[in-house]
Amino acid sequence: MTNGLKIDTSDGVTTIALDDPTTLNALTPNLAVSLSAALENAAKTSRVIILTGSSRAFCSGANLHASPTAKPGDIDAGSSLGLAYNPMMMTIRNLDVPLITAINGPAAGIGASIAMAGDIIVAGKNSYFLEAFCHIGLVPDGGATWMLVRNVGRVRAAELALLGEKLPAQQAFDWGMITKVVEDDAVMATARDYATRLAKGPTHALGLMRKLLWQAGDGSFEAQLDEERDAQASAGKHPHFTEGVTAFLQKRKANFE
């Protein structure tokens, strides 16, 4: 267990839980650095990662009480992004294994960005997303503006960012932001079901897929064709491809070791 994090690994799946119930799992720069390291380590030893929050929340955003002696006008709000939060988001983006985010309670501020960065996103019925930055005179961060526009379109993204209203899980699902809405007490069980399924899959190819899907938002169609070609060449050299084709020809289920 790392300070502020609970980490458990079983059957090829690492579950990382933000664990500071007193702040509803608010992030600090130090915790963001620890989370980055935990994610990188998990990607080296596991086939799937589940990221969630303990107790009543996923993540309430950045901890505004972390520097109680600092005056707002004296704080460089961008420095912590460059030093900790942005590198953390790039770690998430560049993971070599699938990431499932399991949302219980609020996912606010940088917490909403982390939640949206999952490849599979499971949310409890009473959970919600909140871009609360407008209420304190800041702008959405952690890649929120990039992800929101691509997830729900510019106009809905503007609604969420400019008005700073809660987006309930069901509405987020209807808008195409998340994978599944379940009862609050079924969030982790559902996430583990997805993780078990993914852990049995061709994880090398799955890792390549998630990177291609991230890259698709960045470049041109022609560039994406080139990325797919290179990824396919890598996938085709991996033992998982040999096993997959062999199993298909033998009319059995593939066993991706």
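How many bridges join strand β2 to β3, and do the two run parallel or antiparallel? Hi everyone, let's start there, keeping in mind that this is a predicted model. There are six bridges between β2 (residues 13-18) and β3, and these strands run parallel. To get from β2 to β3, the chain passes through helix α1 (residues 29-45), and this β-α-β crossover is right-handed. If you'd like one pair to look for, L18 has G53 of β3 as its bridge partner.

Now to the other neighbour of β3. Four bridges connect β3 with strand β4 (residues 99-103), again in a parallel arrangement. Here you can find T52 opposite A102 of β4.

So what surrounds β3 itself? Strand β3 covers residues 48-53, and because six of its six residues are buried, the strand is largely enclosed by the rest of the structure. In a regular strand, side chains alternate between the two faces of the sheet. In β3, V48, I50 and T52 point one way, while I49, L51 and G53 point the other way, and all are buried.

Let's move along to I120, which sits in strand β6 (residues 120-124). Beyond its neighbours within four places in sequence, I120 is in contact with L99, I100, T101, T179, Y194 and L198. The C-alpha atoms of I120 and V97 are 12 Å from each other, with the two positions 23 residues apart along the chain.

Last stop, the surface. F241, V245, F248 and L249 make a nonpolar surface patch of about 460 Å². Of these, L249 belongs to helix α10 (residues 239-249), and L249 counts as exposed because its relative accessibility is 63%, over the 50% cut-off. Thanks, everyone!

Terms used:
Residues are numbered from 1 along each chain as its sequence is written. This is a predicted model: local features need pLDDT of at least 70, side-chain atom pairs count only at pLDDT 80 or more; totals for chains, interfaces and linings use all residues. Side-chain values use heavy atoms; hydrogens and water are left out. Patches are made of residues with over 30% relative accessible area and no salt bridge: like charges are joined within 9 Å, nonpolar side chains (Val, Leu, Ile, Met, Phe, Trp, Tyr) within 5 Å. Accessible areas come from the Shrake-Rupley method with a 1.4 Å probe; for residues, only the protein chains shown count as cover. A salt bridge is a side-chain nitrogen of Lys or Arg within 4 Å of a carboxyl oxygen of Asp or Glu. Buried means under 20% relative accessible area, exposed over 50%, partly exposed in between (1.4 Å probe, protein chains only). Contact means heavy atoms within 4.5 Å. Two strands pair if DSSP finds at least two bridges between them. A crossover is right-handed if, with the strands pointing away from the viewer, the path from the first strand over the helix to the second runs clockwise.
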